[in-house]
Amino acid sequence: MTTNIFMLGMPSSGKSTLGRNLAKELNYDFIDLDRKIEVSEGKKIDEIFRLEGEEYFRKKESEQLKKIPVDDKLVIALGGGTPCYFDNMDYIKENGVSIFLDVSPDKLEERMRTSRRNNRPMFKLENENLLETLTDTYNKRIDLFRTASIIIEGDTDASTILWILEAQFPKLANR
Ligand SMILES: Nc1ncnc2c1ncn2[C@@H]1O[C@H](COP(=O)(O)OP(=O)(O)O)[C@@H](O)[C@H]1O
Ligand SMILES: O=C(O)C1=C[C@@H](OP(=O)(O)O)[C@@H](O)[C@H](O)C1
Ligand SMILES: [Mg+2]
């Protein structure tokens, strides 16, 4: 069975970090959808939001998602909002195994403040209502996120994800 694996979840839930590590463990290639958009647009994500607006970003995000080769050996870290626009979540489910990293808004805020990385236009560290914004967004997205093939609660590491993945999709072991 060759299939792509999609990592989804809120910003700071660990899609990029755990996705990259999972790809190494599986001997798959890794793609970060945000980086793919930045390369195709020649601009950073926050510049795209500032100069072109969110609607434009969402169109490019969906286009780039659909340009990823299907049935390949890829682990793909999506952006936090990717599943929630257009038919993206249907597309994700039709074209691979999806893994939702479910991390609470409190924990997401803590990680964002600890990492000090401040390049998420919708979740700026100077926003004094950051926790409220994260909670509202989490509540809006959760129903769709929960339709993923696998749900992983809270903190975890790539080896645990691999173990769960291989238990539920044994044919992936023939990689
Ligand atoms: N499983 C984890 N446990 C603890 N911290 C994590 C974990 N995964 C990611 N982080 C930290 O959270 C921050 C955001 O992670 P990142 O992988 O960029 O998330 P995402 O791609 O989902 O936005 C980083 O500082 C990273 O070190
Ligand atoms: O949640 C969102 O809507 C977004 C999350 C970001 O990705 P990460 O989840 O990797 O931070 C990035 O795609 C963009 O800033 C929008
Ligand atoms: Mg990311």
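This report describes the surroundings of ligand 1 and ligand 2 in a predicted model.

Residues are numbered from 1 along each chain as its sequence is written, and chains are lettered from A and ligands numbered from 1 in the order in which they are written. In this predicted model local features need pLDDT of at least 70, side-chain atom pairs count only at pLDDT 80 or more, and totals for chains, interfaces and linings use all residues, while side-chain values use heavy atoms, with hydrogens and water left out.

**Ligand 2**

Around ligand 2 there are 14 residues, the closest being Lys-15, Asp-34, Arg-58, Arg-120 and Arg-141; a residue is near a molecule if one of its heavy atoms lies within 4 Å of it. By class, this shell holds six nonpolar, three polar and five charged residues, where Ala, Val, Leu, Ile, Met, Phe, Trp, Tyr, Cys and Pro count as nonpolar, Asp, Glu, Lys and Arg as charged, and the others, Gly among them, as polar. The polar contacts tabulated below are pairs of N or O atoms within 3.5 Å.

| Ligand atom | Protein partner | Distance |
|---|---|---|
| oxygen of ligand 2 | N or O in the side chain of Lys-15 | 2.7 Å |
| oxygen of ligand 2 | N or O in the side chain of Arg-58 | 2.7 Å |
| oxygen of ligand 2 | polar side-chain atom of Arg-141 | 2.8 Å |

On its own ligand 2 has 390 Å² of accessible area, of which the protein covers 97%; such areas come from the Shrake-Rupley method with a 1.4 Å probe.

**Ligand 1**

The shell of ligand 1 consists of 15 residues, with Ser-12, Lys-15, Ser-16, Thr-17 and Arg-120 the closest, and by class it has three nonpolar, seven polar and five charged residues. Backbone atoms take part here: an oxygen atom of ligand 1 is 3.3 Å from a polar backbone atom of Ser-13, an oxygen atom of the ligand is 3.0 Å from one of Gly-14, and a nitrogen atom is 3.0 Å from one of Thr-156. Taken alone ligand 1 exposes 570 Å², and the protein buries 73% of that. Two or more residues of this shell are given by each of α1 (15–26) and α6 (105–115), and the largest share, four residues, comes from α1; helices are DSSP runs (H or I, at least four residues), numbered from the N terminus.

**The pocket**

Ligand 2 sits in the largest pocket, and ligand 1 sits in the largest pocket as well. A pocket is an open set of points on a 1 Å grid over the protein atoms alone, where a 1.4 Å probe fits, with protein on both sides within 12 Å along at least five of seven lines, and a molecule sits in a pocket if more than half of its atoms lie within 2 Å of its grid points.

Terms used:
A polar contact is a pair of N or O atoms within 3.5 Å; within protein, one must be able to donate a hydrogen and the other to accept it, and residues adjacent in sequence count only if both atoms are side-chain atoms. On a 1 Å grid over the protein atoms alone, a cavity is a set of points where a 1.4 Å probe fits but cannot get out, and a pocket is an open set with protein on both sides within 12 Å along at least five of seven lines; lining residues have an atom within 4 Å of a point.
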